[in-house]
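Welcome to a short set of exercises with worked solutions. Keep the viewer open and try each task before reading on.

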Amino acid sequence: MKTHVQSKDWGLGLAGPLIIAGPCSAETPEQIEKICLEMKAQEMIPKVFRAGIWKPRTRPGSFEGIGEEGLPWMEIVRHHLNIPITTEVGNAAHVELALKHNIDILWVGARTTVNPFAVQEIAEALRGTDIPVMVKNPMNPDLQLWIGALERFHAVGITKLAAIHRGFSDSYDKKFRNKPNWSMPIHLKREWKGMEVVNDPSHIVGKREGLLETAQRAINFGLDGLMIETHHNPDKAWSDAAQQITPAALKALLAAIDFKETNGVENPDERLNDLRKAVDHMDDQLLDLLQERFSIIEQIGAYKREHNLTVFQSDRWKYVMDSRTQKGIEKNLGEKFMKELLYCIHEESVKRQEKQLREASVSKASQA
Ligand SMILES: C=C(O[C@@H]1C=C(C(=O)O)C=C[C@H]1O)C(=O)O
């Protein structure tokens, strides 16, 4: 297991849910100051201040970030709020400048995470430093690519690591700017134990309405913090105006969230223990039933081999799918869940039968 350092031990005074807020882009020193003063006035000081300096935009012509000129403005944040600052880096030159201006935490954006060459270049530029790095998920829901990017930083000695779930590009989805995929951070946390995942509802939702719902879901799923774009005058923001909120709105949003205990229960009481024992028992029964089903599937496989039938039988499969899905819906199991479950079982069935056919043809060939 790869060892890494969690945010509470980054030496930046971070504890509890990682609340990161600040504008999409640094625009002017006045803008940075106004946001800081408004955060102060609202008593809404985040744990970390974010500000985009370099902005990867879909098409040229829109504001692509103020660039190097904006880095000294981060002193304004230090002066007023005295909290760590994070910005996005997309190449080695960005890294060099961010380090020169004492940025505390770097993040890698979704458009960079997709490209192993770019991630490697950034990682090489960080070799020998121990600055914390947060890696946003790639644009496409590819868990290995996300983990791979974290591994590239780990391999050059960056141990202070976290991930950010900002949703996935889906041009068919109308509800979200970037559709959330809640199983992805859970799989990431399962594969890399203790990896914190911050949620970025601003980029998931793409507008102000619905931020709370998405942020609450992230907390319910056990994510470790929130990165929310905050601007003193969101409508006038130079980038992502539709999704930014005021410090006052951020305060209200955070107050409305029901934060959960992510660390689980240290000493579960009798009630939870009994319920979990019941689940253990049922899972055993489910596994026994699955084992039995696959043993019958293999008997059908043997029959197919004797009668020269193909493994996949579309009429039978359609009947199995439709009848079980209907029954599942009646039992309140949900159509999507039923379909995914049945696809998964069917895939295993046909794999097993195909293996039987393959083995039969190998033994036939060796007898010939
Ligand atoms: C078991 C069979 O083989 C395949 C697997 C099925 C299943 O898992 O239920 C259904 C149809 C076939 O595609 C069969 O033909 O009955």
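**Exercise 1. Find out which residues of β6 lie on each of its two faces, and whether they are buried or exposed.**

*Step 1.* Leu-161, Ala-163 and His-165 sit on one side of β6, Ala-162 and Ile-164 on the other, and all are buried. Here a residue is buried if 20 or more other C-beta atoms lie within 10 Å of its own, exposed if 12 or fewer, and partly exposed in between, with C-beta atoms placed from the backbone. Helices (H or I, at least four residues) and strands (E, at least two) are DSSP runs, numbered from the N terminus.

*Step 2.* Count along the strand: 5 of the 5 residues of β6 (residues 161–165) are buried, so the rest of the structure largely encloses it.

*Step 3.* A word on the source: this is a predicted model, in which local features need pLDDT of at least 70 and side-chain atom pairs count only at pLDDT 80 or more, while totals for chains, interfaces and linings use all residues. Residues are numbered from 1 along each chain as its sequence is written.

**Exercise 2. Identify the strands that pair with β6 and follow the chain between them.**

*Step 1.* Begin with β5 (residues 133–136), which runs parallel to β6 and is joined to it by 4 bridges. Two strands pair if DSSP finds at least two bridges between them. Lys-136 has Ile-164 as its bridge partner in β6.

*Step 2.* Trace the connection: from β5 the chain passes through helix α6 (residues 143–155) to β6, a right-handed β-α-β crossover. Right-handed means that, with the strands pointing away from the viewer, the path from the first strand over the helix to the second runs clockwise.

*Step 3.* Now take β7 (residues 197–199), which pairs with β6 in the parallel sense over 3 bridges. His-165 stands opposite Asn-199 in β7. With helix α7 (residues 183–191), β6 and β7 form a right-handed β-α-β unit.

**Exercise 3. Continue from β7 to β8 and describe the surroundings of β8.**

*Step 1.* β7 and β8 pair in the parallel sense over 2 bridges, and Asn-199 has Leu-226 as its bridge partner in β8.

*Step 2.* β1 (residues 18–22) also pairs with β8 in the parallel sense, over 5 bridges. Leu-18 is matched with Gly-225 there.

*Step 3.* Check the faces of β8: Gly-225, Met-227 and Glu-229 on one side and Leu-226 and Ile-228 on the other are all buried. That is 5 of the 5 residues of β8 (residues 225–229), so this strand too is largely enclosed by the rest of the structure.

**Exercise 4. Locate the residues with the most contacts inside the largest nonpolar core.**

*Step 1.* Set the rule: a nonpolar core is a set of buried Ala, Val, Leu, Ile, Met, Phe, Trp, Tyr and Cys residues joined through C-beta atoms within 7 Å.

*Step 2.* The largest such core has 63 residues, and Met-134, Val-135, Ala-163 and Val-198 have the most contacts inside it. Helix α5 (residues 116–126) provides the largest share of this core, 5 residues.

*Step 3.* Look around Met-134: leaving out residues up to four places away in sequence, it touches Ile-105, Trp-107, Ala-162, Ala-163, Ile-164 and Val-198. Two residues are in contact if their C-beta atoms, placed from the backbone, lie within 7 Å.

**Exercise 5. Work out which helices supply the shell around the ligand and what kinds of residue it holds.**

*Step 1.* α11 (270–306), α12 (314–330) and α13 (335–367) each supply at least two residues, and α13 gives the most, with 5 residues.

*Step 2.* Among the residues around the ligand are Phe-312, Arg-316, Trp-317, His-346 and Gln-353. A residue is near a molecule or strand if its C-beta atom, placed from the backbone, lies within 6 Å of it.

*Step 3.* The shell divides into 7 nonpolar, 4 polar and 1 charged. Ala, Val, Leu, Ile, Met, Phe, Trp, Tyr, Cys and Pro count as nonpolar, Asp, Glu, Lys and Arg as charged, and the others, Gly among them, as polar.

**Exercise 6. Examine the positive phi values of Glu-43 and Asn-332.**

*Step 1.* Glu-43 is not a glycine, yet its phi is positive, about 50 degrees. Glu-43 lies in the loop between α1 (29–41) and β2 (48–50) and is exposed, with 8 other C-beta atoms within 10 Å.

*Step 2.* Asn-332, also not a glycine, has a positive phi of about 65 degrees. The loop between α12 and α13 holds Asn-332, which is exposed, with 6 other C-beta atoms within 10 Å.
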